[in-house]
Each structure stands twice: as structure tokens, then as C-alpha cells.
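Here are my comments on the model you sent, set out as numbered points. I begin with the term on which the first point rests.

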Amino acid sequence: MSTIGIIASNERAARRYIESVEKRGGSTMLITPDGSPLNVSSVLNSIGGLMLTGGEDIDPSEYNEQPDPNAGLQLSKERDAIEIPLLREGLSHDIPILAICRGMQALNVVMGGKLVQDLPNHRTVPNEEGRMVPSSHRIFVSPGSKLAAITGSAGFVRVNSIHHQGVIESCKAPSLLATAYGIDDGIIEGLESPQHQWVIGVQCHPERENEVPSNWGLLFDALIERSE
């Protein structure tokens with residue numbers, strides 16, 4: 001059985017992602033910024049697939065822009081320093097990659113795109129008890145996309161929304177295909193690379209399995225299967 005390398009900011013942040021893989025029979029290797037240099041070749045030799053998870057904002061210098069002082073950025077240059085080189089090499093070796101939230105944004109950046117540094121109405125909202133919970137919205141999944149094929153459904157889907165940055169059409173890397181869009185605002189909610197066998201990005205958080213349709217868990221099954 002091949003191992004899924006999971007890039008996350010820390011062990012706590014990785015918990016749901018690890019659980020989503022391991023409960024489906026996959027094995028995992030957690031990759032976090034610890035201050036030591038990353039041996040990209042060694043990591044790639046140890047894994048069969050790669051998962052990029054949610055987390056802090058990507059430094060705008062990675063896509064040749066200055067930080068917007070009004071965007072409320074929370075940067076992690078330490079994570080950029082491990083994630084971007086590993087993603088770039090993973091793409092060059094054409095290993096299976098599932099990119100989630102920040103991960104999808106990193107995929108777009110590495111493939112030559114940019115990001116909207118701040119988006120309204122995509123964060124947490126108060127529920128009936130007054131607790132802050134993830135907002136949700138409807139997206140449209142394109143028929144014929146790999147995302148639709150894996151989840152077994154296309155068209156309108158309601159998913160969670162926990163991010164303040166994202167990708168719009170004018171920011172999208174030219175070589176990536178948009179596979180899902182937000183209904184209300186047109187924000188890109190899914191990306192895939194036609195240049196690679198299996199590289200898929202989603203803006204929502206399928207690891208929060210009670211907040212998305214149950215068939216979206218098939219993304220983890222598919223990553224495991226293709227990483228063997």
C-alpha cells in the first residue's frame with residue numbers, strides 16, 4: 001500500500017484529513033513545517049500520492065503581487081517553503097494530487113495563476129445557538145469533469161465555505177480547467193489539470209464530512225486508489 005503525503009500547518013490541523021484517509025484504509029505521512037530543510041526527493045520517494053490541505057494564506061510574492069494591507073492576511077512563509085517546492089516536483093512526477101482549500105489556491109499559484117487576496121461572505125456565520133459555524137453555499141459542478149465522475153454527480157451541490165481567498169476566472173492558471181463555480185459569485189470551486197493523470201483541486205472542505213454531500217468522500221477513496 002502506498003502512502004499519502006499530507007501537507008498541513010501542524011498535526012492538529014491535519015487531524016480530519018488524516019482520519020478521512022485512514023478510515024478508508026489508506027496510510028498517511030504528515031508533512032509540516034518544522035524549521036528544517038525539506039528533502040523533496042526523499043519525500044516523493046516515500047509517498048504514492050499527495051494531499052494539500054487548508055491553512056494560512058499564501059504569500060502574494062509567490063504570484064508576483066504585493067500584499068493588500070486591507071486583506072487581513074495571515075501568512076505562513078514556512079509552509080510556503082515546503083508546500084510549493086513539493087507540489088511543483090509532485091506535478092513534474094505526475095503523482096496523484098488532491099488539493100483542498102489553500103491547497104487548491106497553491107495549485108493555481110504553482111501552475112502560474114494568481115489569487116484574490118480577500119473575499120467577502122465565505123467565512124463562518126452564527127448558527128441558531130450563536131456558535132460560529134462554517135457558511136455554506138451552492139456550487140455548480142461541470143458535467144464531464146473528473147470531479148463529477150468521482151463524486152458521481154454533476155450540477156448543483158451545496159458545500160461548506162471556509163475561506164477568504166480564492167480564484168476567479170481572470171486569476172486562473174491558463175493550463176488548469178475550472179470544474180466548479182459558486183452560483184452566487186462565480187468564484188471557482190474546483191480545478192483540475194488536463195496535463196496530468198489525476199490532479200484535482202476543490203475549494204470546499206470535504207474532510208468535514210458532515211458539511212458536504214456524502215459522496216464527496218469518494219475523493220479520498222479515489223486518491224487512495226490512484227496512489228497504490
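1. A contact here means heavy atoms within 4.5 Å. On that basis, and counting contacts in the chain with a separation of 6 or more, 67% are made by residues 24 or more positions apart. Please keep in mind throughout that this is a predicted model, and that the values below are computed from it.

2. As to overall form, the chain holds six helices and ten strands, and its C-alpha trace spans about 45 × 40 × 40 Å along the principal axes. The radius of gyration is 16 Å, which agrees with a compact globule, because a globule of 228 residues would have a value near 17 Å.

3. Turning to burial and surface, 53% of the 228 residues in the chain are buried. The chain exposes about 10,200 Å², and carbon and sulfur atoms supply 47% of that area.

4. On charge, the chain carries 18 positive and 29 negative charges, and the mean positions of the two sets lie 3 Å apart.

5. The cysteines deserve a separate comment, since a search of the whole structure finds zero disulfides. For Cys171, the closest cysteine sulfur is that of Cys101, at 16 Å, which is too far for a bond. Cys204 likewise has its closest cysteine sulfur in Cys101, at 8.8 Å, and this too is too far for a bond, because a disulfide requires the sulfur atoms to be within 2.5 Å.

6. Are these two cysteines, Cys171 and Cys204, buried or exposed? Cys171 has a relative accessible area of 13% and is therefore buried, while Cys204, at 1% relative accessibility, also counts as buried; the cut-off for buried is under 20%.

Key: Residues are numbered from 1 along each chain as its sequence is written. This is a predicted model: local features need pLDDT of at least 70, side-chain atom pairs count only at pLDDT 80 or more; totals for chains, interfaces and linings use all residues. Side-chain values use heavy atoms; hydrogens and water are left out. Helices (H or I, at least four residues) and strands (E, at least two) are DSSP runs, numbered from the N terminus. The radius of gyration is taken over C-alpha atoms; the globule rule is 2.2 Å times the number of residues to the power 0.38. Buried means under 20% relative accessible area, exposed over 50%, partly exposed in between (1.4 Å probe, protein chains only). Accessible areas come from the Shrake-Rupley method with a 1.4 Å probe; for residues, only the protein chains shown count as cover. Lys and Arg count as positive and Asp and Glu as negative; His and the chain ends are not counted. The place of a charge is taken as NZ of Lys, CZ of Arg, CG of Asp or CD of Glu.
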